[in-house]
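I opened this notebook to keep a record of what I looked up, entry by entry, and of the reasoning behind each assignment.

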Amino acid sequence: MDSPVSIIIPTKNEGGNLEEIFLRIKKALENFCDYEIILADSSNDETRKFMEEVIKEFGKEHKIKAMVLDCNGDDLSNAIIQSLNYGTYDIVAIMDGDLQHPPEMLPEMLKILEKQNADIVIGSRITKNFSIVRTIVSGVYRSLVYLFVKNSTKIRDPGSGFFVFRKKILENVSLKPLGFKILVEILDKAHYEKVIEKRFIFEDRKSGTSKFNLNQSYISFIHLFHIAKHNKEYDRFLKFSIVGASGIIINMGCLYILTEFFKIFYLFSSAIAIELSIISNFILNDIWTFKNERNGNFFVRMGKFNLSRIFASVINVFILFMLTIIGINYLLANLIGIFVATLFTYVTSVLWVWKR
Ligand code: GDD
Ligand code: MN
């Protein structure tokens, strides 16, 4: 293996992990490739001084090339972006400074990058000790990434902070991330083709504490919202909602006309009105919302959309039923049902009916 790698490690008060991470990187890479370590540091305690000392003494003793960058006040992603300018090699590795990302994975990931000619290799986490809340938040986040970030649906862990990539994929790309999820920003904006994942066990922290909290989760969602606005996925959702609203008008109008003028029993009218609104929604989405994603047969798409709508109605009624059981007013319960059903239809539309 010859291509050297710049390893960027964002750190905030990780003094306790520094020597071990240096030694483990050295052991993993010394017979594998050249490397340099850049610590993107936003510590607000004594760590910075300590790091500089470690780099000087310990680094010299073990022949480890490292530097520490002052990223005071920068969040994790922005600290990483700053450091990119200091890396001198064409291949970059990003990993946390708390040993939750094992340095022993690096050779394997770098090998995959080169041998399989990939642009990005992601270390995707197998998490054992996430709390229930973090598991749920992380699941919702991932679903939204699939919706809003191009080409992301095949990626198991787009929220990982452990990955290696070719720096050239960022040429002429302006990254404006927020918070922790720099990989999502890169997946959305960079020029790449092949992404490969390699699983690893996300170990517990050795020392120090996690800086990820509810506020950070909130920031990741805001970041995703910025991405969606920027890459027009947000417009698509808006179009989809407008079409949905037009469907309500068609549904109500048909129900009224069929019942009043054609004297059809109102429940039958309703069934016809529902189907007509599904068809009109489908056609409008097909020629407007998803006009660039029309693959395959028109009627197959229509069939899929119909199925998804019918399933969504079942979800709607189910939620209505469950929520009224626990004492929520049926109108409010229905509104929540409609919301979830709409989201469901949107997800199936993007990922199935009008699959990119
Ligand atoms: N420069 C800088 N600035 N570094 C930071 C900041 C910051 O504001 N906040 C955290 N870090 C550093 C930490 O010191 C650590 O090395 C790394 O970023 C990850 O932070 P943790 O606090 O350990 O987060 P986690 O373990 O809960 O990890 C989550 O986010 C990571 C982001 O890289 C997981 O989703 C990881 O998979 C993910 O890699
Ligand atoms: Mn961590």
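Before starting, I fixed the burial terms: a residue is buried when its relative accessible area is under 20%, exposed when that area is over 50%, and partly exposed in between. I also noted that I am working with a predicted model.

**Entry 1, overall layout.** I first looked up the secondary structure, which comes to 11 helices and 7 strands. Along the principal axes, the C-alpha atoms fill a box of roughly 90 × 45 × 30 Å. Of the 356 residues of the protein, I found that 46% count as buried.

**Entry 2, an aromatic pair.** I then turned to the aromatic rings, of which the structure holds 18 pairs. I looked at Phe282 and Phe305, whose ring centres are 5.9 Å apart and whose planes meet at 45°, so I recorded the pair as tilted; planes under 30 degrees apart would have counted as stacked and planes over 60 as edge-to-face. The pair links distant parts of the chain, since Phe282 belongs to helix 9 (residues 266-289) and Phe305 to helix 10 (residues 298-325), with the two positions 23 residues apart in sequence. Is Phe282 buried or exposed? Its relative accessibility is 0%, so Phe282 counts as buried. Phe305 has a relative accessible area of 2% and is therefore buried. I also noted that both rings belong to one aromatic cluster, formed by Phe237, Phe240, Phe282, Phe290, Phe298, Phe299, Phe305, Tyr346 and Trp354.

**Entry 3, another residue of helix 9.** Leu267 lies in helix 9, and because its relative accessibility is 48%, I entered Leu267 as partly exposed. I then checked Leu267 against Asp74, and found the two 193 residues apart in sequence and 60 Å apart in space, C-alpha to C-alpha.

**Entry 4, the ligand site.** Which residues are closest to ligand 1? I counted 26 residues around ligand 1, the closest being Glu14, Asp98, Gln100, Arg125 and Lys211. By class, this shell has 7 nonpolar, 8 polar and 11 charged residues. Among the polar contacts, I recorded a backbone N or O atom of Ala40 at 3.0 Å from a nitrogen atom of ligand 1, and a backbone N or O atom of Gly97 at 2.8 Å from an oxygen atom of the ligand. For Gln100, a polar side-chain atom lies 2.6 Å from an oxygen atom of ligand 1. Taken alone, ligand 1 exposes 720 Å², and the protein buries 98% of that area. The elements that give two or more residues to the shell are strand 1 (5-11) and helix 3 (76-84). Arg125, one of the closest residues, also has its charged end over the ring of Phe202, 5.7 Å from the ring centre.

**Entry 5, two positive phi values.** Lastly I looked at backbone angles in two asparagines. Phi of Asn151 is near 55°, a positive value in a residue other than glycine, and Asn151 lies in the loop between helix 5 (132-148) and strand 6 (163-166). Its relative accessible area is 56%, so Asn151 is exposed. Phi of Asn172 is near 60°, again positive in a residue other than glycine, and I placed Asn172 in the loop between strand 6 and helix 6 (182-189). Because its relative accessibility is 81%, Asn172 counts as exposed.

Methods:
Residues are numbered from 1 along each chain as its sequence is written. Chains are lettered from A and ligands numbered from 1 in the order in which they are written. This is a predicted model: local features need pLDDT of at least 70, side-chain atom pairs count only at pLDDT 80 or more; totals for chains, interfaces and linings use all residues. Side-chain values use heavy atoms; hydrogens and water are left out. A residue is near a molecule or strand if one of its heavy atoms lies within 4 Å of it. A polar contact is a pair of N or O atoms within 3.5 Å; within protein, one must be able to donate a hydrogen and the other to accept it, and residues adjacent in sequence count only if both atoms are side-chain atoms. Accessible areas come from the Shrake-Rupley method with a 1.4 Å probe; for residues, only the protein chains shown count as cover. Helices (H or I, at least four residues) and strands (E, at least two) are DSSP runs, numbered from the N terminus. Ala, Val, Leu, Ile, Met, Phe, Trp, Tyr, Cys and Pro count as nonpolar, Asp, Glu, Lys and Arg as charged, and the others, Gly among them, as polar. Rings of Phe, Tyr and Trp (its six-membered ring) pair if their centres lie within 6.5 Å; planes under 30 degrees apart count as stacked, over 60 as edge-to-face and the rest as tilted. Buried means under 20% relative accessible area, exposed over 50%, partly exposed in between (1.4 Å probe, protein chains only). A charge sits over a ring if NZ of Lys or CZ of Arg is within 6 Å of the ring centre and within 35 degrees of the ring normal.
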